[in-house]
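Thank you all for coming. I would like to walk you through one structure this morning, so please have the sequence and the 3D view open in front of you while I talk.

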Amino acid sequence: MNAFRTGLPVLLAAGFATGALAQVPVPPALPRPKPAASVPPAPDPAFEAARAAFEALPEAERQGLQDALVWTGDYNGVTTGAFGKRSFEGIQTYQTRTGAAPNGLLTPPERIALKREAEAARRAARFKVQPDPASGTLVGVPEALLPKKSAIPGGSRWQSADGRVTLDTKSFPQGETSLDALFERATAAMPGRKVTYKLKKPDFIVITAETAGGRSYIRYAEGPAGIRGFTIGYDRSVSETVDRLVIAIANTFTPFPDGAPAATAPAATAATAAAGPAPRPPAPGLAAPPAASLPGAQPEARPAATGLLLGGGRVLTVASALHACAAPRIGGVAARIERRDAAGSLALLSAEGLAGAPPPLRTDPVSEGEALLVLSAQAKGRPSVAPASAAVEGVYAPLQPGAGGAPVLDRAGRLVGLVARFPATPRLIAGVMPPTRYGIVPGKAVAAFLAESGVPAGAGTGSAKGAATTLGGAAAPVLGAVVAITCTR
């Protein structure tokens, strides 16, 4: 507690919540690349059966089950509804704890019991999502743990009765400070303190740190209304209780609920420190320069999908992203769905005035762990570039809404597939998106579909010799061919 209290005045002077600086650990490192000649491990039948059963559920149900597992303390991953190793192990942990067979398959009665237990935990915490007029934010507060509320400059403070847990919201009007200044303060060297994760982007910052006595998480986002954020600090002695609440609080935090755009971050999760040694943070997504402008382009809403220009007014994407899209538009131009493949995986759109050349195709499979990248459309025609790693029949990457249909490239800039689907409304952990496994439509299937559609495409095979040394270098030739697909429902 002495170390905890000693750091408090310094942090308050810097504008942060508490001296209980510490770690909200970041997600596991992406799989290390393996030699191309290595043989991928055989799929685990139990895992595959559990995944198939879980993914057959509606998206809202999948997210609800993951959220329930967070509240029961059995799961410390992201609640997007995507099924991975953490979901599988979380379900097994819950089943073991409740005396069921730990097969990872939740039966209907088990799902009901799980939700009932989670709801009891929420009620016990008196967890309420509430607006904070002082900062303009929306945040979930466990009022049973944090009964003391007081005003602070630009925000509010909630504290436990003994002062060992503090949640602060904070806002700054435009021009009062900058994200750069806040970042420098939060990452400044201090005796006995270690910054365990830091991320700075043009519109948000995320920092976690630790001392011998405490843990904390700091996030600020910038929008037209200024800078808004929150900090959570707590003593290590209460971490068993607070760790899961950190996830729940962060999932509900909305910096700009009044309609101003909220910043989003591409990589981290609030796993518990008990999981083992702190893993390295994942490489964040790299903001890309604007793509080539399109005729009739207008400011766009969040993309429903990502498309790849093929030339001749044609655009390739995945069919799943268009299921609820009555009237697709690309860069303000009306588009029509020209055809789908027999498997229902791919779709070809056409629109007037679109021009662009796709990357060469790579039809041979990638090896598990091979370094890849994903190009996702963003609003206003600005693709993002995210680091990725090849997985069995998929890819690990920190992706955002609208990434369905996003091209996946190897480091030589060749197309190895398209992101098969992506949840429409993923929920963030601690305000950021972790790397998650997503299925892809492989390059071989893309090549067959383009051939059937009469669209020429260059092919490439072999390992990525001469690959670019940076994400930006590999992505640069393809950025102009990545477009946002919006929908009128």
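**A walk through the strands, the helices and one link**

Let me begin in the middle of a sheet, where S7 and strand S8 (residues 214–223) run antiparallel and are joined by seven bridges; two strands are said to pair if DSSP finds at least two bridges between them, and the strands themselves are DSSP runs of E with at least two residues, while helices are runs of H or I with at least four, both numbered from the N terminus. Before I go further, I should say that this is a predicted model, in which local features need pLDDT of at least 70 and side-chain atom pairs count only at pLDDT 80 or more, whereas totals for chains, interfaces and linings use all residues. Residues are numbered from 1 along each chain as its sequence is written, and side-chain values use heavy atoms, with hydrogens and water left out.

Staying with S7 and S8, the two form a hairpin with three residues between them, and within that pairing Ala209 stands opposite Ser216 in S8. On its other pairing, S7 meets strand S6 (residues 194–201), again in the antiparallel sense and over seven bridges, with a hairpin of two joining residues and with Lys198 opposite Ile207 in S7.

How many residues of strand S7 (residues 204–210) are buried? Seven of its seven residues are, so defined by a relative accessible area under 20%, with exposed meaning over 50% and partly exposed in between, using a 1.4 Å probe and protein chains only. Phe204, Val206, Thr208 and Glu210 point one way from S7, while Ile205, Ile207 and Ala209 point the other way, and all of these are buried.

Now let us step back to the whole sheet, which is open, has seven strands in the order S3-S4-S5-S9-S8-S7-S6, and pairs in the antiparallel sense. Its edge strands are strand S3 (148–152) and S6, each of which pairs on one side only. At the S3 edge, five bridges join S3 to strand S4 (residues 155–159), which run antiparallel, and the bridge partner of Lys149 in S4 is Trp158.

Two helices pack on this sheet, and I will take them in turn. Helix H6 (residues 179–187) touches strand S5 (165–172), S6, S7, S8 and strand S9 (226–235), and its direction makes about 170° with that of S6; here contact means heavy atoms within 4.5 Å, and angles run from 0 to 180 degrees between N-to-C directions, with axes being lines fitted to C-alpha atoms, for helices over the stretch in contact. H7 touches S5, S8 and S9, and its direction makes about 165° with that of S9.

H7 also has a helix partner. Helix H3 (residues 59–71) and helix H7 (residues 239–252) pack at an angle of about 140°, with their axes 8 Å apart. That makes H3 oblique to H7, since angles under 35 degrees count as roughly parallel, over 145 as roughly antiparallel, 65 to 115 as roughly perpendicular and the rest as oblique. In this contact, Asp67, Val70 and Trp71 of H3 meet Arg244, Leu245, Ile247, Ala248 and Asn251 of H7.

Let me turn to another sheet, also open and antiparallel, whose seven strands have the order S14-S13-S25-S11-S12-S16-S15. Strand S14 (333–334) and strand S15 (336–340) are its edge strands, each pairing on one side only. S13 and S14 run antiparallel and are joined by two bridges, and Ile330 has Val333 in S14 as its bridge partner.

Which cysteines form the disulfide? They are Cys325 and Cys487, with their sulfur atoms 2.0 Å apart, a disulfide being a pair of cysteine sulfur atoms within 2.5 Å, and the structure holds one of them. The link is left-handed, with -105° about the S-S bond. Cys325 lies in the loop between strand S12 (314–318) and strand S13 (327–330) and Cys487 in strand S25 (residues 482–488), so the pair ties together parts that are 162 residues apart in sequence. Cys325 is buried, with a relative accessible area of 8%, whereas Cys487 is partly exposed, at 22%.

To close with the chain as a whole, its secondary structure comes to nine helices and 25 strands, and 53% of its 489 residues count as buried.
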